Protein chains: 2
Amino acid sequence: MVLAVTHDHAEDAIDVVAFDGDDTLWHNESIFSMTHERFAELMAPYVQVESIGERLLATEMRNLRLFGYGVKSFMLSMIETAIELSRGKVTAAEVQAIIEAGRSMLEHPVELLDGAEDAIRSVSEHHRVMLITKGDLFDQESKLARSGLGDHFDAVEIVATKDERAYRRIMNRHGADPRRFVMIGNSPRSDIVPVLDLGGWAIHVPHPLTWAHERIEDEGEMAARERFRLAASLDEVPAVIADLRA
Amino acid sequence: MVLAVTHDHAEDAIDVVAFDGDDTLWHNESIFSMTHERFAELMAPYVQVESIGERLLATEMRNLRLFGYGVKSFMLSMIETAIELSRGKVTAAEVQAIIEAGRSMLEHPVELLDGAEDAIRSVSEHHRVMLITKGDLFDQESKLARSGLGDHFDAVEIVATKDERAYRRIMNRHGADPRRFVMIGNSPRSDIVPVLDLGGWAIHVPHPLTWAHERIEDEGEMAARERFRLAASLDEVPAVIADLRA
């Protein structure tokens, strides 16, 4: 996608505003939660329900390096966890049920968070607007298409991991100065910290369901940083941005 | 990645040369073939070996719309096919063996095709050079990093599907005129036809192992098109490009 729109602004004003996708603009973790419940049901004959979530997370973390993020990785980690938890007794029908649960996730309608479209529209009146989302390319493209938000973005970047290196590459690619760049998202680890570390601005819009892996230990320290801002919801985002000065 | 290098050229000269990755610059299908063999071994107790490949391809095609390309999709399709072929009798240990076979694919060393590095180096003396590869973002980034070729490219584009729309978006993004754009690859469906359809040049470097899905019915018609060229190997590519005139 091309950055066709450029805005004329003072040197010190915000130039690029980037939104995260999952659990910032559209619901995601709720679909994973639903599937966690289904998985726990399937595993109930084999094991104490309490231990299931922890074991699944451990498998996901072990597989992350090789599989990356996304629903297909999650499906494979569920299958491996089922084999472990059942001590090799899980049946083919149960494995198939896990695959079907994953398929339902991929087919699930994309539901926007309240205020998503208004926030993007409002911000795009004064700034270049970008989507920066991570995970499975195929799945993220599909979600973006189904979200109906595609036309609002001047650029879309789907990356495997949202770290400092990825953000620096995106900023270079689009000629964006970090001091005039704002990232908006729910994940301290992926949306906030790496952008602050690059000298950019970050607006944290917390989501009640945020995957354990996306949290960081010291969110207090993060919140105390100069270019950190908090917004209770997307509705507050345009006003928060209007108050930023590079 | 940024297009840092621009070359001064006449209006009618080739500007951008893009290479495909899998089975154009590095081996890929051979790793799938190895896994097909392992899968056939695992399925041998349940079913006639001859029918296995066909059934697996049918599952892959059915899942393509929802899962996309790549090793994780292939792993899930192998598991589903195993459940079908065994009529639900496949064991947890066999499912685990399928996952291990997939894991080996992801960990397999990236082996360059003969002449890959020389061809890119030679072409980059006179043109902008790009990698355009499709499939799983995480897996492709990992393969590019392990290939050692990353620094040779002025830009890298990883896409979910290589169709006309994807190529048009890439050309727009990099300000590339299709008439001055050449795509090099082994897949008629993904590398050659969509680029010719956009008015660009395409150099087909056939690979002995090319996935059935990447073939097209009428390769003769393709080969007769004005901006189609054939190269027996990557070694021939620089000379073929030097002969092109927009």
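Which residue of chain A comes closest to the rotation axis? Leu137(A) does, with its C-alpha at 2.9 Å. Keep in mind that this is a predicted model.

Start with that axis. Two copies of a chain are related by a rotation about an axis and a shift along it. Here, a turn of 180° and a shift of 0.0 Å along the axis lay chain A on chain B, with an RMSD of 0.0 Å. The two copies are therefore related as by a two-fold rotation axis. The same surface serves both copies, and 100% of the contact residues of chain A recur in chain B.

Now look at where the chains meet. In chain A, 33 residues are in contact with 33 residues of chain B. Five helices of chain A each give two or more residues to this side: H2 (52–67), H3 (71–85), H4 (92–107), H6 (137–147) and H7 (164–173). Which of them gives the largest share? It is H4(A), with eight residues. By class, this side of chain A has 18 nonpolar, six polar and nine charged residues.

Next, take chain A by itself. It is divided into two domains. Domain 1 covers 16–27 and 110–242, while domain 2 covers 29–107. Their C-alpha centres lie 28 Å apart. Where the domains touch, 12 residues of domain 1 are in contact with 11 residues of domain 2. The domain 1 side of that contact holds four nonpolar, four polar and four charged residues.

Helix H5 of chain A, residues 116–124, shows how a helix can have a buried side. Its buried residues are Ala116(A), Ala119(A), Ile120(A) and Val123(A). Seen down the helix axis, they fall within an arc of 95°, so they line one face of H5(A). Why can residues spread along a helix share a face? An α-helix has 3.6 residues a turn, so residues three or four places apart point the same way. The buried residues of H5(A) pack against strand E1 (16–19), strand E2 (128–134) and helix H10 (237–242) of chain A.

The matching helix in chain B, also residues 116–124, contains Ser124(B). Is Ser124(B) buried or partly exposed? It has 16 C-beta neighbours inside 10 Å, so it counts as partly exposed. Leaving aside neighbours within four places in sequence, Ser124(B) is in contact with Val129(B) and His152(B).

Helix H8 of chain A, residues 188–197, is mostly covered, with seven of its 10 residues buried. These are Pro188(A), Ser190(A), Asp191(A), Ile192(A), Val193(A), Pro194(A) and Val195(A). They pack against several elements of chain A, among them strand E4 (181–185), strand E5 (201–204) and helix H9 (219–223). After H8(A) comes Gly199(A), whose phi is positive, near 90°.

Now turn to the nonpolar cores. The largest has 84 residues. Which residues touch the most other members of this core? They are Val182(A) and Val182(B). Setting aside neighbours within four places in sequence, Val182(A) is in contact with eight residues from other parts of chain A, including Ile14(A), Val17(A), Trp201(A) and Leu244(A). A second, separate core has 45 residues, and Ile31(A), Phe74(A), Ile98(B) and Ala101(B) are among them.

Helix H3 of chain B, residues 71–85, holds Ala82(B). This residue has 28 C-beta neighbours inside 10 Å, so it counts as buried. Beyond four places in sequence, Ala82(B) is in contact with Met43(B), Val90(B), Glu94(B), Val95(B) and Ile98(B). Ala82(B) and Phe67(B) are 15 residues apart in sequence, and their C-alpha atoms are 17 Å apart in space.

Finish with two loop residues. Arg87(A) is found in the loop between H3 and H4 of chain A. Its phi is positive, about 50°, although Arg87(A) is not a glycine. Asp23(B) is not a glycine either, yet it has a positive phi of about 65°. Asp23(B) lies in the loop between strand E1 (16–19) and helix H1 (29–43) of chain B. Are these residues buried or exposed? Arg87(A) counts as exposed because it has 10 C-beta neighbours inside 10 Å. Asp23(B) has 24 such neighbours, so it counts as buried.

Key:
Residues are numbered from 1 along each chain as its sequence is written. Chains are lettered from A and ligands numbered from 1 in the order in which they are written. This is a predicted model: local features need pLDDT of at least 70, side-chain atom pairs count only at pLDDT 80 or more; totals for chains, interfaces and linings use all residues. Domain bounds come from an automatic or database domain assignment. Two residues are in contact if their C-beta atoms, placed from the backbone, lie within 7 Å. Ala, Val, Leu, Ile, Met, Phe, Trp, Tyr, Cys and Pro count as nonpolar, Asp, Glu, Lys and Arg as charged, and the others, Gly among them, as polar. Copies are superposed by least squares on the C-alpha atoms of residues with pLDDT of at least 70 in both. A residue is buried if 20 or more other C-beta atoms lie within 10 Å of its own, exposed if 12 or fewer, and partly exposed in between; C-beta atoms are placed from the backbone. Helices (H or I, at least four residues) and strands (E, at least two) are DSSP runs, numbered from the N terminus. The arc is that of the directions from the helix axis to the C-beta atoms. A nonpolar core is a set of buried Ala, Val, Leu, Ile, Met, Phe, Trp, Tyr and Cys residues joined through C-beta atoms within 7 Å.
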